[in-house]
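Trainee: Got a minute? I want to go through this ligand site with you.
Mentor: Sure, put it up.

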Amino acid sequence: MNACKKLMDPLDEARSVLSAAQEIMVLTGAGISAESGVPTFRGEGGYWRNKSYEELASPQAFAQDPRLVWEWYLMRRQTVAACRPNRAHVALADWTAWRQGVTLLTQNVDGLHEIAGSEVVRLHGSLWVNRCIACGLERDDRRTAFEGLPMSPCCGALERPAIVWFGESLPREAVIAGFTAAFQAQAVLVVGTSGVVMPAAELVKEAANNQAIVIDVNTEDDAVPAHIKLRGSAADLLPRLLA
Ligand code: BJW
């Protein structure tokens, strides 16, 4: 039995784990959008005007220079507006359309899963939503450029991107949905994440501690505690895994 297991192709092994599971948690990261043209964080795209994303994605950076932070987000909106979902987003959307019991969590703020037709739990917010810093009102904003700074229509205060920055809490509903999925899952499919950012990475650990089998799709080795490592691009592997 063990010899058979060792000889099994990891892709086949992953397929049989997914088909045996009743509840599946899927966690995606920047790597799933890389082949759509969206830069990843810890790759070459992690710098802008000589600043790392850690220097820009924080409440302190916004308080110090909101214009600079907004310029970074507008640049990213322009990039993402020109991108389309790739075969990995589409494979997940097609799969979840017929497969019961899948919760799709994403760390991505680009909205490409939604364009592909998936229902997602957004752990880190959205690139396309502004939030009033005074009253917290959120509104959709598809603009990729504007004069000055965006002001809230409710109280006239400054708006910020509705994105979870370092040191901030994730949206409560997303945390509840994430931990519920982690505790219920018999299988976890992780796609294109370095697995270093908490609490998203913690969800995978919780599921694994709870006996879930973790399948990890990545072009490179990462920090995901995986039982089955599928090494290659998401756009190549996901259509074959989920067909
Ligand atoms: C491919 C591919 C292809 C490429 N196919 N694969 C406990 C311990 C230590 C620290 C902390 C802790 N708890 C909290 C923290 C602090 C912090 C944190 O985790 N820091 C770590 C970096 C150490 N976390 C937080 O602050 C969180 N808040 C929080 O926990 O509040 C309570 C609290 C605060 C402080 C202390 C304790 C508790 C909030 C985290 C929010 C993160 N937000 C960001 C930035 C948003 C800005 C924006 O988007 O505008 O979200 S960080 C950035 O990383 C972004 C991403 O969603 C996130 C994850 O990145 P991801 O997806 O993994 O991307 P990459 O680029 O890292 O990796 C891409 C991968 O794809 C690579 O592996 C490639 O190989 C692969 N790949 N092409 C398949 N084609």
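Trainee: What classes of residue make up the shell around the ligand?
Mentor: By class, 16 are nonpolar, 13 polar and five charged. Nonpolar means Ala, Val, Leu, Ile, Met, Phe, Trp, Tyr, Cys and Pro; charged means Asp, Glu, Lys and Arg; the others, Gly among them, are polar. This is a predicted model: local features need pLDDT of at least 70, side-chain atom pairs need 80 or more, and totals for chains, interfaces and linings use all residues. Residues are numbered from 1 along each chain as its sequence is written, and side-chain values use heavy atoms, leaving out hydrogens and water.

Trainee: Which residues come nearest?
Mentor: Arg42, Tyr73, Arg76, Glu168 and Thr193, out of 34 around the ligand. A residue counts if one of its heavy atoms lies within 4 Å.

Trainee: And Arg42, how far is its polar side-chain atom from the ligand oxygen?
Mentor: 2.5 Å. That is a polar contact, a pair of N or O atoms within 3.5 Å. In Asn218, a side-chain N or O atom is 2.7 Å from a ligand oxygen. Val164 uses a backbone N or O atom, 3.1 Å from a ligand nitrogen.

Trainee: New topic. Which helix gives the largest share of the shell?
Mentor: Helix 6, with three residues. Helix 6 spans 66-81, and helix 3 (31-34) also supplies at least two. Helices here are DSSP runs of H or I, at least four residues, numbered from the N terminus.

Trainee: Why does the ligand lie between the two domains?
Mentor: Because domain 1 (8-38 + 84-124 + 170-243) and domain 2 (39-82 + 125-163) both give residues to its shell. The bounds come from an automatic or database domain assignment.

Technical notes
A polar contact is a pair of N or O atoms within 3.5 Å; within protein, one must be able to donate a hydrogen and the other to accept it, and residues adjacent in sequence count only if both atoms are side-chain atoms.
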